[in-house]
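Colleague: I'm new to this one and would like a close look at a single part. Could you take me through how some of the helices sit against each other, and then whatever else helps me get my bearings?

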Amino acid sequence: MKMLRYIVALTATVALVACDLNEHPDYFTNRAEMFRSEGQCRAAVNSCYLNIDPIYSSRMFQITEGCVDTGLTWATTLDPVLDISPAYPRHGSTIWEQCYKGVMRCNYAVEGLESSTIDNKELLGELIAEAKIMRALYYYVLTCSFGDVPYYTVDVSSKKILLEVQRLPRTSAIEIRSQIIADLEDDVVLLEQVKGSDVEEYRAGAALGWMLIAKMAMWNASKDEMNAQMWWNKGVEALVALQNIYGALSAYTLEDSFQWHRKNTPESIFEIQHTYVAGGVNYTSSIAPAAHPSHTTGTMVYDGIEIEWLGDNGVNYSQVRPTAYFFQELQPRGGVDKRTTYNLAWEWQGQQFDSTATRPWVGIKLWCPDMYHGYDHNNYKIFRYADALLMLAECYAEIDKPTLAVQCLNEVKERAGIDTYIYSSLEELQEEIRAERARELFGECHRKFDLVRWGVWYERTLEFHQNATLLKNIKPCHEYYPIPDVQVSYSGGALTNDEYKKYGL
């Protein structure tokens with residue numbers, strides 16, 4: 001299948017880059033045999049994708065959408081109630097391990113490609129750019145999840161380098177993002193300037209590169225007060241490049257964009273590719289089991305209603321549900337917002353669920369048809385164009401261009417069928433953009449990162465969350481995951497968790 005080719009077309013030599021930084025010394029052998037043909041070069045870049053799938057699981061969904069002002073879970077699963085510490089980092093361990101494995105693969109690919117002697121220099125340039133974009137994606141997730149983290153771009157080609165990398169301390173997230181932005185700006189222009197859905201085999205292309213530049217620039221603008229205006233302007237430049245590629249948002253339907261089982265749709269900037277074939281090769285994850293209504297395996301009954309479309313083999317994880325703030329204030333039942341039926345599930349085909357008298361389920365946006373156990377085979381739309389337009393609105397607002405900001409904001413509102421915004425003040429515009437991001441991107445693993453970037457996660461979660469266990473556990477340090485104690489040990493004490501220590505964790 002086309003969507004699988006870039007994941008499964010790996011040669012045996014690529015297995016050499018599958019190691020963790022603390023194991024498999026055979027990583028340092030047979031490296032001279034790589035990058036001698038186009039096939040070997042492509043295979044090395046293919047390996048850069050392997051670690052993104054385990055990061056975006058039900059636990060990522062629960063922490064980014066269930067520990068915020070707009071979503072919660074009533075379960076006592078440890079991540080979503082913030083039972084988290086350096087000794088028990090929960091999904092933080094997975095994010096750390098998988099992101100750094102991904103970084104290591106990308107560094108290996110970049111350095112090998114840069115020294116390759118194959119004749120097709122144009123292809124080499126494109127592959128290097130692709131590997132750097134994937135490396136940027138891993139560092140984006142790392143800095144969003146941990147803040148300051150170790151940063152390195154060298155290939156771990158010897159035990160000496162391995163030891164040096166293990167001893168790296170935290171690097172300022174601002175510095176990391178600054179270096180990545182500068183690197184990507186040189187490389188993203190080498191790629192064809194097309195939509196994510198138009199990139200061959202749906203790989204990381206120019207659109208993802210521009211999106212990551214903008215995301216990182218906006219994080220820097222929020223955290224680097226002295227240079228904020230420079231970073232906001234850099235965000236504008238990258239987002240205007242996306243605007244030139246994608247055009248008017250009205251060209252993209254809600255039906256496509258708000259159903260993750262519809263794969264590689266035109267509005268997408270980057271999707272994590274999944275498929276499920278009974279008895280065959282499959283790439284799946286687990287967000288849908290934490291999003292659809294409660295269900296007993298072996299039946300098609302979901303919270304009192306038979307839903308044949310979902311099948312009878314699915315399972316439940318700790319389900320995220322919207323907070324009262326979201327379903328009463330931002331997107332109330334019976335309103336005109338066309339996104340409501342995708343974001344919230346009060347009923348199915350006119351019949352109300354048994355347990356939605358006071359609170360809906362997450363809507364069909366994230367449901368997976370014919371799911372088998374926990375094998376959610378939807379594609380995950382990690383970035384899409386509406387997100388970029390709302391980012392552009394925020395950037396324009398911050399550089400005192402309210403007319404352009406309102407234009408971008410209203411493109412999103414108009415597609416949703418709700419009243420457009422009329423400018424009155426910068427503060428009100430900023431708040432409206434934040435509220436619109438909640439409506440548009442509900443459930444898409446962005447909300448916690450947004451709130452942390454704005455510096456309001458702790459306060460807003462305390463104000464609007466309703467899980468008593470979380471409210472008992474929550475501390476300001478929980479805006480980021482702690483670096484796992486085992487990694488602190490590997491570093492010989494170079495890594496620390498000072499913010500967690502302040503709270504006795």
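Modeller: Here is a walk through two helix pairs, then a group of aromatic rings and one loop residue. Keep in mind that this is a predicted model.

Let's begin with the helices. Two packed helices are described by the angle between their axes and the distance between the axes. Take helix H10, residues 228–246, and helix H14, residues 385–398: their axes come within 9 Å and cross at roughly 145 degrees. The crossing of this pair is left-handed. If you want to find the contact on screen, H10 brings residues including Trp-232, Val-236, Leu-239 and Tyr-246, while H14 answers with a set that includes Tyr-385, Leu-389, Leu-392 and Tyr-396. Sorted by class, the contact between H10 and H14 has 13 nonpolar, three polar and two charged residues.

Now move along to helix H16 (residues 426–440) and helix H17 (residues 447–454). Their axes come within 10 Å, and the crossing angle is roughly 165 degrees. That angle is over 145, so H16 counts as roughly antiparallel to H17. H16 passes H17 in a left-handed crossing. Arg-434, Arg-437 and Ala-438 make the contact from the H16 side, and Arg-447, Asp-450 and Trp-454 make it from the H17 side. By class, you'll find two nonpolar residues, no polar ones and four charged ones there.

Next, the rings. The structure holds 19 aromatic pairs. One of them joins Trp-96 and Phe-146: the ring centres are 5.2 Å apart and the planes stand at 85 degrees, so this pair is edge-to-face. Trp-96 belongs to helix H5 (residues 91–114) and Phe-146 to helix H6 (residues 121–146), so to speak two distant parts of the chain, 50 residues apart. Trp-96 is buried, with a relative accessible area of 5%, and Phe-146 is buried too, at 2%. These two rings also belong to one aromatic cluster, together with Tyr-100, Tyr-139, Tyr-151 and Tyr-481.

Last stop: a loop residue. Ser-318 lies in the loop between strand S4 (305–306) and strand S5 (321–322). With a relative accessibility of 14%, Ser-318 counts as buried, because the cut-off for that label is under 20%. Setting aside neighbours within four places in sequence, Ser-318 is in contact with Gln-62, Thr-73, Ala-75, Thr-77 and Ala-290.

How values were computed
Residues are numbered from 1 along each chain as its sequence is written. This is a predicted model: local features need pLDDT of at least 70, side-chain atom pairs count only at pLDDT 80 or more; totals for chains, interfaces and linings use all residues. Side-chain values use heavy atoms; hydrogens and water are left out. Axes are lines fitted to C-alpha atoms, for helices over the stretch in contact, and angles run from 0 to 180 degrees between N-to-C directions. Helices (H or I, at least four residues) and strands (E, at least two) are DSSP runs, numbered from the N terminus. Angles under 35 degrees count as roughly parallel, over 145 as roughly antiparallel, 65 to 115 as roughly perpendicular and the rest as oblique. A crossing is left-handed if the near helix is turned anticlockwise from the far one by less than a right angle, and right-handed if clockwise. Contact means heavy atoms within 4.5 Å. Ala, Val, Leu, Ile, Met, Phe, Trp, Tyr, Cys and Pro count as nonpolar, Asp, Glu, Lys and Arg as charged, and the others, Gly among them, as polar. Rings of Phe, Tyr and Trp (its six-membered ring) pair if their centres lie within 6.5 Å; planes under 30 degrees apart count as stacked, over 60 as edge-to-face and the rest as tilted. Buried means under 20% relative accessible area, exposed over 50%, partly exposed in between (1.4 Å probe, protein chains only).
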